[in-house]
Amino acid sequence: ILDTLPPLVSDSLLAIIALVNADPNPDKIDVGVGVYRDGQGRTPIPASLKKAEKRLWEEQQTKAYLGGYGDVRFTAAIRPVALGRHADDARIGGVQTPGGCGALALAFKLIAAARPEARVLIGTPTWPNHQPIVAGSGLRIVEYPFYDRDGTRIRFEEMVAALKSGERGDVALLHGCCHNPTGADLDDEQWSEVAQIVAERGLLPVVDLAYQGLGRGFEEDAAGLHKVLDSSEEAIVAYSCDKNFGVYRDRVGALFVKTGVEAATKHAMTHVLQIAREQWSMPPDHGAAAARIVLEDPLLKAEWLEEVAAMRDRINSIRARIAAADPRLAFVAEQYGMFSMLPLSKDQVVRLRDKSIYMADSGRFNVVGMSNGQVDRFIAAVIEAMDG
Ligand code: LMR
């Protein structure tokens, strides 16, 4: 049976990890997958998290099952960080998930259970795993152009038109901050307009918040989400801690589901738990337990916030350095988070691999994928590629 399966082209980002691993050059530049690196090119475990892990190792007495909700104290602790003024809203239910991917998968399967005919409006380009996750739920995808790569601007009029064309019960997938892959975030006014249209049209917003703290700041990066929660009776938030806690391989995330009434949220959460049970039964504990220890301890939390601020500062200083190098790259300083998209063709991107520089075929690069010592070489190679 299994030998009838045709080969699949691997996910573009996972393919880049493999290419980078296969390159023996010690000075290769990996600006592919979204992993934070410091000035020395390392991806350190934040000191606050390391301390929490030590405490966890010393104090944890059992690894017996916690149940489908995972670590409920983790979900309670990340809730005010993500939801801000909405954290006490009893109409919002939460569950721990294996990373943001797990949260997105739950979200779309939940929607498919409630409304299989719903269409999901997705601005392109988007994170290459969004469409497969939505498709896996069986829901129909409607794409609209979100970003003009060559003009380096959001195609906001087209986004508005697409959202206005949505029918009641359709879904709007929105990037909370640090848009992946473009770094082009909506401004406050645009968020207000989007939140209003989504509410007026009766669309269900699903906000993917995977980089909180790495753009402008914790509150600022969730400001759009909070506007959406202000105006929409129903909303879903897929949250990832993988980046802001540096727990990538531990897979730490949460799903928050808001409905118009508390009883309906309780019912929806029974479906969420059943879907989770079918997928992974219970989420992995370690990373979430360590993040919970950080969030519950004021000193560790303050240390963590400073560590995230340092990551953000590095992102923004590399952005400034790239932008200053050439007027064609000036847009990089106006974008947020780990990614921006270079105006390079796929051929140009592939040719850069001969110089051991690896980025996504789309021209998306991880601003902090390179060490401080690699920045000049990266900039020179990009400018040469743009000229060529
Ligand atoms: C990325 O976009 O590089 C990250 O979100 C990692 C991933 O899983 O794709």
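## Close-up views

**T152 counts as buried, having 21 C-beta neighbours inside 10 Å.** As in every view below, the coordinates belong to a predicted model. T152 occupies the loop that runs between strand 5 (147–148) and strand 6 (153–154). Its phi is near 45°, a positive value in a residue other than glycine. Most residues other than glycine have a negative phi. Because a residue counts as buried once 20 or more other C-beta atoms lie within 10 Å of its own, the 21 neighbours of T152 place this loop residue in the buried class.

**S356 is another residue with a positive phi, here about 60°, although it is not a glycine.** S356 sits in the loop that links helix 12 (346–352) to strand 12 (357–358). What is its exposure class, given its C-beta atoms within 10 Å? With 18 other C-beta atoms inside that distance, S356 is partly exposed, whereas T152, with 21, is buried.

**A cis peptide bond joins T124 to P125.** The omega angle of this bond is about 0°. P125 belongs to the loop that follows strand 3 (119–124) and leads to helix 5 (130–136). In general, most peptide bonds are trans.

**A cis peptide bond also joins N180 to P181, with omega about 25°.** P181 is located in the loop between strand 7 (171–175) and helix 7 (188–201). N180, the residue that precedes the proline in this bond, is also one of the residues around the ligand.

**The ligand is surrounded by L13, V33, G34, W127, N129 and N180.** Which kinds of residue, nonpolar, polar or charged, make up the shell around the ligand? Three are nonpolar and 3 are polar, and no charged residue is part of the shell. At least three residues of the shell come from domain 1 (2–45 + 299–387), and at least three come from domain 2 (51–296), so that the surroundings of the ligand are drawn from both domains.

**Domain 1 and domain 2 meet through 29 residues of domain 1 in contact with 28 residues of domain 2.** On the side of domain 1 that touches domain 2, at least two residues each are supplied by helix 1 (12–22), helix 11 (298–325) and strand 11 (339–341). Helix 11 gives the most to this side, with 7 residues. The residues of this side of domain 1 comprise 17 nonpolar, 8 polar and 4 charged. In the domain assignment, domain 1 is made of residues 2–45 and 299–387, and domain 2 of residues 51–296. The centres of the two domains, taken over C-alpha atoms, are separated by 24 Å.

**The largest nonpolar core has 111 residues.** Those with the most contacts inside this core are A107, V171, L209, V237, A238, L255 and A291. Helix 4 (residues 99–114) provides the largest share, with 8 residues. Where does this core lie with respect to domain 1 and domain 2? Both domains give residues to the core, so the core lies between them. In soluble globular proteins, nonpolar side chains tend to be buried together. Leaving aside neighbours within four places in sequence, A107 is in contact with V206, I236, A238 and L255. Of these partners, A238 and L255 are themselves listed among the residues with the most contacts inside the core.

**I133, a residue of helix 5, is buried, with 24 other C-beta atoms within 10 Å.** Which residues does I133 contact, leaving aside its neighbours within four places in sequence? The contacts are with C101, L104, A105 and F108. For one of these partners, C101, the separation from I133 is 32 residues in sequence and 8.0 Å in space, taken from C-alpha to C-alpha.

**P80 lies in helix 3 (residues 72–83) and is partly exposed, with 13 other C-beta atoms within 10 Å.** Since a residue is exposed if it has 12 or fewer such neighbours and buried if it has 20 or more, the 13 neighbours of P80 put this proline in the partly exposed class. P80 and I92 are 12 residues apart along the chain, and their C-alpha atoms are separated by 12 Å.

**The confidence values of the model apply to each of these views.** The protein averages a pLDDT of 97, and 100% of the residues score at least 70. The model scores ipTM 0.95 and pTM 0.97.

How values were computed:
Residues numbered from 1 in each chain as written. Predicted model: local features only at pLDDT ≥ 70, side-chain atom pairs only at ≥ 80, totals over all residues. Core = buried A, V, L, I, M, F, W, Y, C linked by C-beta atoms within 7 Å. Helix = DSSP H or I, 4+ residues; strand = E, 2+ residues; numbered from the N terminus. Contact = placed C-beta atoms within 7 Å. pLDDT = per-residue confidence, 0-100. Nonpolar A, V, L, I, M, F, W, Y, C, P; charged D, E, K, R; others polar. Near = placed C-beta within 6 Å.
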